[in-house]
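Got your viewer open? Let's take a walk through this one together, picking out a few residues at a time.

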Amino acid sequence: MSHGPSASAGAIIRSGHHDDAPYEPVFVGEAKVRLDELVKRYPRKVGALLPALWMVQEARGWVSEAGMAEVAAQLDVTPAYVKGVVTFYTMYNQHPVGKYLIQVCTTTPCHVCGAEDVVRAFLDQTGCGELGVTSEDGRYTVIEVECLGACGFATPVMVNSDFLESVSADRVADVLGRYR
Amino acid sequence: MGYPYKPHASETLVLSTHFGDPEARTLKGWKDRGGYRALETALGMDPAAIIGVIKESGLRGRGGAGFPTGLKWSFMKPDDGKPHYLCCNADESEPGTFKDREIMRWTPHALIEGCAIGAYAIGAETCYIYIRGEFTEPLQRMEDALAEARAAGIVGRNAMGTGKTINVWVHKGAGAYICGEETALMNSIEGKRGNPRIKPPFPAVAGVFGMPTTINNVETLTAVPHILNQGGAWYKNFARSDNPKSTGTKLWSVCGNIARPGNYEMVMGFPFGEFLRDICGGALPGRELRAIIPGGSSVPIINMEEADRALMDYEGMAAVGTMLGSAGCIVIDNAQSIPRQVARLARFYAHESCAQCTQCREGTAWTTKILERIVAGNGTAEDLDTLLDVADDMTGKTICVLSDSCAVPVVSALQRFRGDFEALITKKTVHTVPVVVS
Amino acid sequence: MSDSGMVNLTIEGRAVSVEPGTSVLEAAKTVGVLIPHYCYHPGLPVAGSCRMCLVDVEKAPKLAPACATAVAEGQVIRVHTEKARTARKGVLEMLLINHPLDCPICDRSGECELQDFTYQEGPAESRYRDPKRFNPVEDFGGDVVYVPNRCILCTRCVRFMDDVAHDPVLNVEERGDRAHIGKFEGKDLTHPWAANVIDLCPVGALVSKDFLNKARVWELDRAASVCTGCSQGCNLVVETRDNVVMRLKPRPNPEVNEFFICDHGRLNYRWMNRRDRLESPAIRGAGGYEAVDWDVATAGAARILKGKRVFVLASPNLSNEALWLLSRLIRKSGGAGAFRMPNGSEAPLPGVVDLALRADRAANGAGAELLGMTRSESPLGGLQAGDALLIVDHDLAPEDVAFAGRASAVVVAGTAMPAGLERADVLLPMCNVVEEDGTFTNLRGRVQRFLQAKAPSGLARPSWYVLSGLCTALGDSAEYFSASAVFDALATEHTEFAGMSYGVLGLRGRRIASQADAEVRA
């Protein structure tokens, strides 16, 4: 479903990198054992929903509808329920992203320290041009995110699961050099 | 200077003593620094006695609401035949706040110890530490420390060899500010959308998985072992003499346009102006401090005259019309456009609204659109009245306070900096230095 | 709490006494005060999220949501204070800022709670000056179309599918003002009770494909009725325009169907409008059927039936009244009566006790059996050679045709020529269920009235009128001039119906006395 003007940023935009290969189940072998362990931590199976979705994202880089359906089957809920949850939490990627997903905090504490310049630098230097769009070479996707909780180290940036502190516009080239 | 710098002489280090010391992260390192003594003591005590000590200390919740911790724990009815739960709120999502992150990064065992004591005190066998998904390093530190603690029998089915079960699990969030609200946090642990719940029932009656639950902030739980080790009276002494309602030390996260951003551990009641100007180094070169949001983005924005009068405790902040909140202090200087920053805050809340309540779902987005239009130079005189009206519609009328939190910066900024907004509408400028526009 | 165990409070100055645990909103209803609301529905779990039902509770600093606030002893509630009205006005303004205001082309227009409460207490104009959000219309499957731009996210539909249908195929997706109702690709609203989400939707966001653009709701005439789709006996409102049934809607009855009807029942109305009806009484002559006056036709039928054993093939969708008159006719002639029950698979609504689309797909099998008809897979098996056959609105299956051939004469009373019947001697046109008054007995023995919703087709008469005329022509001394008089006579004769009358039944019906009660009385 598309959305018109609304107060939101940070959405990953579906670009030409959709993976049309048949879906390979995530929860086989060790992953299934790990999920069964996670389920035991909660009095109800569905408690393990967020961790299970994390496992799918770690394995596949994003959470596809097929991934949601697999999680639903594992935890005895409906795929619609899982989709409602996935779309609530912004960290689950609903579309494939580049090899490096770059998340730049632009909430007020960082905003006053020039986070917008950092975003601009990333957009320009990765070739993404636009927020949420994956670069032509499939390497980068840059999104703005709300508060990363490291406000004293403006501007914090996440590259995949790496958490970088105090990134300024002039450090962006440096950062990108580490993620080729 | 607070972490990441060397401590300032005016700080009182309790929780932050070992910030920056990698050795404190390991079980051995933590034990060498006196760790897990308090847990051992606690497990030999009657839970009611532990709650008594916490009540005596005057410890209040450090997540923002400032509810007395001992009293909260006492709501958990012993022997009601139901499983009890402790949830540690490590979602730390309030913009401006980054203290819990440092606690988990440097002293993960301190938090585990606090969780274990808390769980025991409220009769819980399970504690979930809800950590926001963006905190990849703190998550890893906590998982590593928990693995050590489990292996050493500190937590688990036979905690410290007492036969008590205290399971501590990390639950990783996935990007939702609202999951820092306690009932939304519980829903998130249950595998649901992070929608806040209607109260009553309160968590102590029906919390996570429908069972009696206590939710405490990271900083609150981390203070507990210190209080047990040194006594309630010791902790209670950290207060200004004329205000016994706020006790202990408080971690202040300072960020924004300030010379030395970081975490500072201060005794309750310290003068705020001195703190900002001397301890945090004051304004950046060539600039002046203009506005402060002292307690995380949801509290009223104040001007420097108010900041200079304020004292750093719950009552001291209330006295100048704002709140201590989570003590995430956002400093804004005279190079910023206040309307632009308020618009950015509104956008944050519009992005994070869970979408349940009408006023919040629609009001946060509407507020954002108006403010962004004003900032873009397309505002009208009526817009300011509309903003205040919408803010009123959004205040005190919804399930949780996210909606109120969006209204707060708007109303407080319009009270104190209305001229800035009017200038944008009439296309005049009020800034002494050029506004930073990228 | 008082000694009676009831909670006493004051709402809008009126004294209220209700059970503990009752919500303020429900308590207010008992004294005729409707507190505006959207997300609340008595058949669903409380969400408390639309914030429309905010009311003033004396001594409380904040307004309280009436749906999620339990009554308390001595509470003083005010619905129309300045503070509460301003809050609700704010909610209405916010609900409308992104709403397309497309009432002229909206199916819900005229029965829309957003219209109603805005008219009642909403702002006269909007201060919203920015672009509205837009989402495309989506087919949710089944009978349901979702128009997200009109949606107010009350989540009644989601809660119905989760908690009542136990088939969570709907969800809320995204958050903030991007949120909308969603479903998973390939998983449609196929649950047999899913279309209730249309009725539950307080606005025009979920609309019926079947009813789409068919009528403006203010053009519709309404009558209380009972569903003939199965033996459950769900209460209905039949909605007609110009003598055509346009749609069926559930009519709440806590004893039978709560607030719901199944999709089978909801969409089972086209036959009510069929055009190939028997429209005139007729007698078969040399040149085929000849239209005649009712007097002539009734007398002709009586002449054929008189002195013969009469075998009645009666539809299980006939009213108790018609069936009782038939039972008299059977008794008098020493004949017999039977019916075939159409069948389908059972489809329960799990969230409501004892509510299902039943396998028996007719409304009055229980009444028919109670009044002496035999339920049979081969209903004409008991027809003896030389019997006169009276077919009352019952089609013939292929295997019935040979049996029917044994009859010495055939009289048809009904809405249409029975399928499979080659010829009859007399035709007596009858009203269908929405053209007459009557009662059905559901599978739990609840006797419920249905009311005439539209004019009869042609010269058709109500079934009780046709059959009572026939009884009289056959020598019965009693004459009846209304359905209720027939029912009164029935109730006098059958102890199960003792004490019942249309007045007593009202619009929610009453259960027949059980066997045990009947014995005690005897």
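Start with the whole thing on screen: this is a predicted model, and a search across all its chains turns up 77 salt bridges. Side chains of opposite charge can pair when their charged atoms come close. Let's visit a few of these pairs.

**Stop 1: a long-distance link in chain B.** Select B:R60 and B:E315. Their side chains form a salt bridge, with 3.0 Å from N to O. Now colour the chain by secondary structure. B:R60 sits in the loop between α3 (47–57) and α4 (69–74) of chain B, while B:E315 belongs to helix α13 (residues 314–319) of chain B, so this pair ties together parts that lie 255 residues apart in sequence. Is B:R60 buried or exposed? Buried, at a relative accessible area of 16%. Its partner B:E315 comes out at 22%, which counts as partly exposed; the cut-off for buried is under 20%.

**Stop 2: a pair with two settings.** Next, pick B:D242 and B:R240. These two make a salt bridge as well, and their closest N and O atoms are 3.6 Å apart. Turn on the surface and look at each one: B:D242 is exposed, with 58% relative accessible area, whereas B:R240 is buried at 18%.

**Stop 3: across two chains.** Now select C:R133 and B:E362, whose side chains meet in a salt bridge of 3.1 Å, N to O. C:R133 is in the loop between α3 (113–121) and β6 (138–141) of chain C, and B:E362 is in helix α15 (residues 358–375) of chain B, so the pair joins two chains. Hide the surface if you can't find them: both C:R133 and B:E362 are buried.

**Stop 4: a whole network.** Which residues link up with A:E165 in a network of salt bridges? Show B:R25, B:R101, B:E102, B:R105, B:E137 and B:R141 along with A:E165 and you have the network on screen.

**Stop 5: a helix with a buried face.** Finish in chain A with helix α1 (residues 29–39). Select A:A31, A:L35, A:L38 and A:V39, the buried residues of this helix. Now look straight down the axis of α1(A): the buried residues fall within an arc of 100°, so they line one face of the helix. Spin to the other side of α1(A) and you'll find A:G29, A:E30 and A:V33, which are exposed. What covers the buried residues of α1(A)? Among the parts that do so are α2 (49–60) and α3 (65–75) of chain A, so show those two helices last.

Definitions and conventions:
Residues numbered from 1 in each chain as written. Chains lettered and ligands numbered in written order. Predicted model: local features only at pLDDT ≥ 70, side-chain atom pairs only at ≥ 80, totals over all residues. Heavy atoms only, no water. Salt bridge = Lys/Arg side-chain N within 4 Å of Asp/Glu carboxyl O. Helix = DSSP H or I, 4+ residues; strand = E, 2+ residues; numbered from the N terminus. Buried < 20%, exposed > 50% of the residue type's maximum accessible area, 1.4 Å probe, protein only. Arc of directions from axis to C-beta. Contact = heavy atoms within 4.5 Å.
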